[in-house]
Amino acid sequence: MILILTAPDDVHADAAEVELGRRGVSWVRFDPADVPSRASLSVTVRDGRLTRTLVRHADPDGTVDLDAVTAVWFRRPGVPVAPSHLDEPHAGFVVEESRQFVGDVWETLDVPALPAPRPVVLRAQQKVRQLQLALRLGFDVPATAVGNDPRDVLDLFDHTGGRMITKQVGLTSLRDELMRYTEPVTHRDVGHVNGVRHCPLIAQERVPKRVELRVTVVGDRVFTAAIDSQRSNHARHDWRRQDDRNTPLSRYDLPADVAARCVALTRALGLRYSALDLIVTPDGRYVYIEINPSGQYLWVEEETGLPITAAVVDLLTTPAPTPGATT
């Protein structure tokens, strides 16, 4: 039985469930945000045996024996939510206790995890460590400054002749309205550089683009799509602002050495799945930008027909040992 930990509105899980059903494989989908308000999670020890059980409160037949799980997919698991009748600080205490307990339970499932066990995923999200490993593996990495020292940002601005971008250090923001897209830095922006002292950021050389690549690694398999971001004024600096009409996607043949490097970086981070962003420059260089341990892929599959969902299900149903993270 495959355990899929994700939100109710996750279309990636929807697609995977269709494929699992087609193959006759059983699965359970659960959002950890339901603990403790809408579900009970329990661990008991009797006669020298540890048992883990999940019960959905609204479903009388919703008891799940977690000992039957053969693989777990940490797709987009939510954070536990306290019962609505609690006020602070009690609600905060319940959330933190529930979060630690739920994470503890998943760690006791001695089965392969996709993209990796949660502590490995959290470590793999660290941007500086990603840069360190990318350099070690021979990726072409742009000139970069990470931190909150304005002097480093100014030095990079001078080094790049003013061709510089900034972006946030974390993958996401706690509040959507505070999420920062990749933005070019102007001379006017440099006049406010001392503001960097108040929050670390990533400053990076602005790399000229022929196309951008979304490289999805599933085990040893590599699926690559080209994003023609330079056709769109909205997406030219950050393809996440793409619109379907002006930012077409297409399949892309990634050179074998670059593909092997993408797989190597995924493994070095202890992952079995990843989504990488690369830039192909006008002179044909492949430049590493970043790697996301839980990056979305369904939009690529729908636009290009690349069979990524089937590859994910292959990995969940014929799991290999989870690789250890390297340092």
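**A three-stranded sheet and a β15–β16 hairpin**

In this predicted model, three strands assemble into an open sheet with the order β3-β4-β5, and their pairing is antiparallel. The edges are taken by β3 (39–46) and β5 (63–65), each of which pairs on one side only. From one strand to the next, the twist averages 25 degrees.

The contact between β4 and β5 can be followed at the residue level. Strand β4 (residues 49–56) pairs with β5 in the antiparallel sense over three bridges. Leu54 has Val64, in β5, as its bridge partner. As a reminder, strands of a sheet pair through backbone hydrogen bonds, in either a parallel or an antiparallel arrangement.

A helix accompanies this sheet. Helix α2 (residues 90–108) lies across β3 and β4, and the direction of α2 is at about 55 degrees to β3.

Further along the chain numbering, attention turns to β15 and β16. Strand β15 (residues 273–280) is joined to β16 by six bridges, and the two run antiparallel. Ile279 is matched with Val287, its bridge partner in β16. The two strands form a hairpin with five residues between them, and in this hairpin Gly284 adopts a positive phi near 90 degrees.

How buried is strand β16 (residues 286–292)? With buried taken as under 20% relative accessible area, six of its seven residues are buried, so β16 is largely enclosed by the rest of the structure. Val287, the partner of Ile279, belongs to this strand.

Key
Residues are numbered from 1 along each chain as its sequence is written. This is a predicted model: local features need pLDDT of at least 70, side-chain atom pairs count only at pLDDT 80 or more; totals for chains, interfaces and linings use all residues. Side-chain values use heavy atoms; hydrogens and water are left out. Two strands pair if DSSP finds at least two bridges between them. Helices (H or I, at least four residues) and strands (E, at least two) are DSSP runs, numbered from the N terminus. Axes are lines fitted to C-alpha atoms, for helices over the stretch in contact, and angles run from 0 to 180 degrees between N-to-C directions. Contact means heavy atoms within 4.5 Å. Buried means under 20% relative accessible area, exposed over 50%, partly exposed in between (1.4 Å probe, protein chains only).
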